[in-house]
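The following exercises concern the pockets of a predicted model. Please work through each task with the structure in view before reading its solution.

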Amino acid sequence: MNPADLPRQFSAPTAPAADALLAAVRAVAQGPLLQQVDAIDRQGHYPKAILQELAAAGAMSAHLDAPHGSGDFFLAIQAMAEAAKVCGATGFMMWCQAVCGLYLQQSGNPALMGEVLTRHVAGVGMGGTALSNPMKSYAQIESLLLKATKVEGGYLVNGTLPWISNLQADHYCGAIAAVPENSTEVMFLLRCNAPGMELVECPTFSAMEGTGTYALRLKDYFVGQDDIIADPAKPTIARIRAAFVMLQCGIAVGIIQGAIESMWAVEAQLGHVNQYLEDRPDTLQAELNALVARVQTMAQTPFDSSTEFFIDVLDARAHGAELCLRATQSALMHQGARGYLMSSDVQRRVREAHFVAIVTPAIKHLRKEIARLSAEEMPA
């Protein structure tokens, strides 16, 4: 089969404004991002200027409601995929920024929905998400690591969180702390430059060294009412959990598409022997296209709070992670020795795929939640 006859683009038909946004993201991805990807991957360069350029284009706010976005979750996923095709770490940071914006807009707190959100959407303010531990806690995998005590005007929070991404000294993230005195949790905007907050350097990461990832150490960190996202936190988490997970699909889609294109790149030279490999680019592309179509349908109702819908989202996210592993591994086999060079984007994508498979929710976390929720849905 002629590769030119096969669908090579994961994007679906879009309106002119969406096309313009994706074209802007593609220009950044294929231009300055492509030039910096080795520095991001191997030197730990944090691409702040690129992220701000992507934010200015609307790439991390398309999913937000007007006036800050068009409420188009699928467009946000497409934009993330365009960047992740070139650099998985950048796609991941786009997700961090995107979900942090979601927290701000869904907070119902005027102090967060005004200037803070406006600056965030523009890329002037930047942030991430410290919800890995809470998501694992809600799935009964581990306990909440942050503890909050009620005081006059807010809370004092103590504890340590490992590995929170898209952070610098002037950034922030959404976080959740247990409130033991009333057995609830409070969700809040955690500011990296506030008293009682310390950023701690992490060990060197594989494929994620340029993601601005730190451990957070909180000592009597004060959370005032202006920084409360949700109190109690669980109703808000129940509303946004599917959107939180669904947006991550953009990272996997981009990495998979990049892997497929690297297979086609050597088809003329190596197709005569690569034809004997499993997971050929045409079959992988068909599987990816089907997954993208599935995500596009789900993206129309991102705040569906039903258990059945959440199971579908978890399953799509797991499929994306598993396909990511298969596609990048196959790309390495297709490229052969040239794909094993440290300068090769092929071996980098293998490492990026490992991250997609283990970042919260990891494949094992996804499977555990699907099993638990499915059991609850079964009639007695």
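**Exercise 1.** Determine how the lining of the second largest pocket divides by residue class, and which elements supply it.

*Solution.* Begin with the classes: the lining of the second largest pocket holds ten nonpolar, two polar and four charged residues. Next, take the volume of this pocket, which is about 300 Å³. The lining comprises 16 residues, and those closest to the pocket centre are Met135, Tyr138, Ile237, Arg241 and Glu369. Then assign the lining to elements: two or more residues come from each of α6, α7 (234-247), α11 (307-335) and α13. Among these elements, α7 makes the greatest contribution, with six residues.

**Exercise 2.** Describe the largest pocket by its volume, its central residues, its contributing elements and its residue classes.

*Solution.* First, establish the volume: the largest pocket encloses about 780 Å³ of space. Second, locate the centre: 36 residues line this pocket, and Ser132, Trp163, Ile358, Val359 and Thr360 are the closest to its centre. Third, list the elements that give two or more residues to the lining: the helices α4 (88-106), α6 (132-138), α12 (345-358) and α13 (363-377), together with the strand β3 (154-164). Of these, α12 provides the largest share, five residues. Finally, sort the lining by class: 20 residues are nonpolar, eleven are polar and five are charged.

**Exercise 3.** Which elements give two or more residues to the lining of each pocket?

*Solution.* Compare the two lists of elements. Both α6 and α13 appear for the largest pocket, and both appear again for the second largest pocket.

Note on methods: Residues are numbered from 1 along each chain as its sequence is written. This is a predicted model: local features need pLDDT of at least 70, side-chain atom pairs count only at pLDDT 80 or more; totals for chains, interfaces and linings use all residues. Side-chain values use heavy atoms; hydrogens and water are left out. On a 1 Å grid over the protein atoms alone, a cavity is a set of points where a 1.4 Å probe fits but cannot get out, and a pocket is an open set with protein on both sides within 12 Å along at least five of seven lines; lining residues have an atom within 4 Å of a point. Grid points are joined across faces, edges and corners, and a volume is the space filled by probe spheres set on the points. Helices (H or I, at least four residues) and strands (E, at least two) are DSSP runs, numbered from the N terminus. Ala, Val, Leu, Ile, Met, Phe, Trp, Tyr, Cys and Pro count as nonpolar, Asp, Glu, Lys and Arg as charged, and the others, Gly among them, as polar.
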